[in-house]
Amino acid sequence: MNRRAFVLLLPALILTGCVAGGDAATVQLGPDGRPIPRVYRITPDIAAQIPFRFLDSINTLRGARGLTPLAYSSHLNAAAETHSRDMSMQNRPWHFGSDGSSPLTRVQRTGYPGRLAGELISETYQTELETLSVWMQAPDQRAVIMDPAARELGLAWYQEENGKIWWTMVTGS
């Protein structure tokens, strides 16, 4: 083998060795060549941690901008939970319920004493923090998270047997 071929081949061999021995070997690709999503199974132990990780992350992001931290609201959690399950039943991520309800209607039904500030939804296989990261990348969704008027938060999810997760976040003031 000549020196030039060796120099060109050496980085590929090193990279192959790193990939073969690491976690990347378990990544499966779909027909489109993109990685097939890993299923994030929400066990009871993980479910108990999600609200705290999510709220801490939201408040860290808001704190970096000098915004008031959010607190959980049982009313907003109830509205979010209802909608996560309903989106799964409808098999589509959108802001309207199967009964025609809007985010405002769902929040009012819970008896929430404040005002609806916003609602974010997602259909994914990703964790709550990955979902938050995606929301932060979109200006309109980031605006809901960073709304200076928001004071409270509701977060819920519904995970189907196949692993798909329907996330709903509702904010209020």
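**Exercise 1. The sheet.** Determine in which order the strands of this predicted model form the sheet, and which strands lie at its edges.

*Solution.* Step 1: the open sheet is built from 4 strands in the order 1-3-4-2, with mixed pairing. Step 2: strand 1 (71-72) and strand 2 (116-124) each pair on one side only, and they are the edge strands. Step 3: strand 2 is joined to strand 4 over 8 bridges in the antiparallel sense. Within this region, Gly118 stands opposite Thr171 of strand 4.

**Exercise 2. Helices on the sheet.** State which strands helix 2 lies across and which strands helix 3 touches.

*Solution.* Step 1: helix 2 lies across strand 1, strand 3 and strand 4, and runs at about 140 degrees to strand 3. Step 2: helix 3 packs on the sheet and touches strand 1, strand 2, strand 3 and strand 4. The direction of helix 3 makes about 30 degrees with that of strand 3.

**Exercise 3. The nonpolar cores.** Identify the residues of the largest nonpolar core that touch the most other members, and the element that supplies its largest share.

*Solution.* Step 1: this core has 21 residues, of which Phe54, Ile58, Trp135, Ile145, Trp167 and Met169 touch the most other members. Step 2: at least two residues each come from helix 2 (44-64), helix 5 (128-137), helix 6 (139-145), strand 3 (152-159) and strand 4 (165-172). Step 3: helix 2 gives the largest share, 4 residues. Step 4: another core, of 7 residues, lies apart from this one and includes Leu76, Ala79, Val107 and Ala156.

**Exercise 4. Asn91.** Locate Asn91 and describe its backbone.

*Solution.* Step 1: Asn91 belongs to the loop between helix 3 (74-90) and helix 4 (103-109). Step 2: although Asn91 is not a glycine, its phi is positive, at about 55 degrees.

Notes: Residues are numbered from 1 along each chain as its sequence is written. This is a predicted model: local features need pLDDT of at least 70, side-chain atom pairs count only at pLDDT 80 or more; totals for chains, interfaces and linings use all residues. Side-chain values use heavy atoms; hydrogens and water are left out. A nonpolar core is a set of buried Ala, Val, Leu, Ile, Met, Phe, Trp, Tyr and Cys residues joined through side-chain atoms within 4.5 Å. Buried means under 20% relative accessible area, exposed over 50%, partly exposed in between (1.4 Å probe, protein chains only). Two strands pair if DSSP finds at least two bridges between them. Contact means heavy atoms within 4.5 Å. Axes are lines fitted to C-alpha atoms, for helices over the stretch in contact, and angles run from 0 to 180 degrees between N-to-C directions.
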